[in-house]
Amino acid sequence: MWNAKQEHTIQHGFLHKHSTCTNLLESVYDWSIALNNKLTTDIIYIDFQKAFDSVSHSKLLIKLEGYGIRGDLLAWLKAFLSNRTQVVNVEGCFSDIVSITSGVPQGSVLGPTLFLLFINDIDEIFCGTGVRMKLFADDVKLYCSFDNFSYDLQIVCDKLTEWADKWQMKIAFNKCTVHRISNRDSHINQNPGYTIGGQILSQSNETRDLGIIIDNKLNFNSHVSAVARKAHVRASLILRTFVSRDTDILTKAFTTYVRPILEYCTPVWSPHTACNINKIESYQRWFTKLIKGLCGLDYSQRLEHIGLETLQLRRIKYDLLMCYKIISGEVNLHCNLFGFVGLYSNKRT
């Protein structure tokens, strides 16, 4: 049967009060606690091949019935999935009509919900182990903190392979990786040797996790550099391609196309060193200096003139807003609340 508590603990996709940010906050909290306790954390990232298209209709219906969905509702869902066809149109030329025998209808309201119900029982594979799992839709990561080596992770990988075979979810073994977080250089340079599907997992020093680059030391220096480069490219493109030099238009373009790059999930990685703070701020400082009529003003005057705030101040506001949402229950975080806020405060101090 469906365990709602467990589902909300590990799944953060397509759910109220959950997001990529909550997924990363819970994960980074666990990894940070392990680092503070001088433990090593291994994270295994699992890649399912065409996950939404691989859902077996017959097995999905079996799971729905196991959740207690029966009678007319189950018959309606079966009809919703049945007798679907697809055709490809290329410049007016149509392919043959092909029946769809698997997959949840993407673009529909029910599609994401049906997928979550199908993948929900994956949490059973790590019961009784020291492994934790986080999901965002079909993005799966397994992790475990330890002093020397984690046998539990290999056990869970084997169980995950069995689960995928049973429910016809193909794992792209060559795209699965392992990432190690540790303050011990001897551990970082050591290949854990985990296998999945008989293949040894490749080890990555930096992994992009839901858009955030995770490094071995969890300091986010690489992520700051990456978003800074991307923001510079986007800002330069605006200045080269926009014919208008109107202050309002350029300001709107910056806040629409550049600033979101610098502010995505900042409660997770917000920089606390002067170097990284200045690196992020420098692109707004540079862009505003190139706006016509603002070159002779200092940075604070330019911001006041166009009605913007420093990126650092905006991040602080986001941090406070996130803390408020955590305390008031507007987002669901399954970690020690007071420990989280304390860790959060120490990071910013």
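Biologist: How far should the 17 residues of α2 span, and how do you know the model agrees?

Modeller: Expected span is 1.5 Å times one less than the number of residues. For the 17 residues of α2, that should give 24 Å. The end C-alpha atoms of α2 are 24 Å apart, which agrees.

Biologist: What kind of model is this?

Modeller: It is a predicted model: local features need pLDDT of at least 70, side-chain atom pairs count only at pLDDT 80 or more, and totals for chains, interfaces and linings use all residues. Residues are numbered from 1 along each chain as its sequence is written, and side-chain values use heavy atoms, without hydrogens or water.

Biologist: What is the mean pLDDT of the protein chain?

Modeller: The mean is 89, where pLDDT is the predictor's confidence in each residue, from 0 to 100. In the protein chain, 93% of residues reach 70 or more. Over residues 1-8, though, the pLDDT is below 50. That stretch has 16 contacts beyond near neighbours in sequence (contact: heavy atoms within 4.5 Å).

Biologist: Where is α2, and what does it lie across?

Modeller: Helix α2 covers residues 20-36. Helices here are DSSP runs of H or I with at least four residues, strands are runs of E with at least two, and both are numbered from the N terminus. Helix α2 lies across β1 (40-46), β6, β7 and β8 (177-181). It runs at about 15° to β7 (axes are lines fitted to C-alpha atoms, for helices over the stretch in contact; angles run from 0 to 180 degrees between N-to-C directions). Helix α6 (residues 151-166) lies across β1 and β7, at about 155° to β7.

Biologist: What is found at the start of α2?

Modeller: A side-chain oxygen of S19 comes to within 3.2 Å of the backbone nitrogen of C21. Just after α2, K38 has a positive phi of about 60°.

Biologist: Why is A253 counted as buried?

Modeller: Buried means under 20% relative accessible area, exposed over 50%, partly exposed in between (1.4 Å probe, protein chains only). A253 has 4% relative accessibility, so it counts as buried. A253 lies in helix α9 (residues 247-257). Leaving aside neighbours within four places in sequence, A253 is in contact with I238, F242 and V258.

Biologist: How many residues of α2 are buried?

Modeller: In α2, 15 of its 17 residues are buried. In β7, six of its eight residues are buried.

Biologist: What makes both faces of β1 covered?

Modeller: On one side, T40, D42, I44 and I46 are buried. On the other side, T41, I43 and Y45 are buried. In a regular strand the side chains alternate between the two faces of the sheet.

Biologist: How do you know that β1 and β7 pair?

Modeller: Two strands pair if DSSP finds at least two bridges between them. Seven bridges join β1 to β7, and these strands run antiparallel. Among the partners, I46 is matched with V140, and T40 with F146. Five bridges join β1 to β8, also antiparallel. There, T41 stands opposite I181.

Biologist: What is the order of the strands in the open sheet?

Modeller: The order of its five strands is β6-β7-β1-β8-β11, with mixed pairing. β6 (132-136) and β11 (202-204) stand at the edges with a single partner strand each, so one side of each has no neighbour in the sheet. Neighbouring strands are turned by 25° against each other on average, direction ignored.

Biologist: What do β6 and β7 form?

Modeller: They form a hairpin, with two residues between the strands. A137 in the turn has a positive phi of about 60°. Five bridges join β6 to β7 (residues 139-146), running antiparallel. Across this pair, F136 stands opposite D139, L135 faces V140, and R132 has Y143 as its bridge partner.

Technical notes
Polar contact = N/O pair within 3.5 Å; in protein donor to acceptor, adjacent residues only side chain to side chain.
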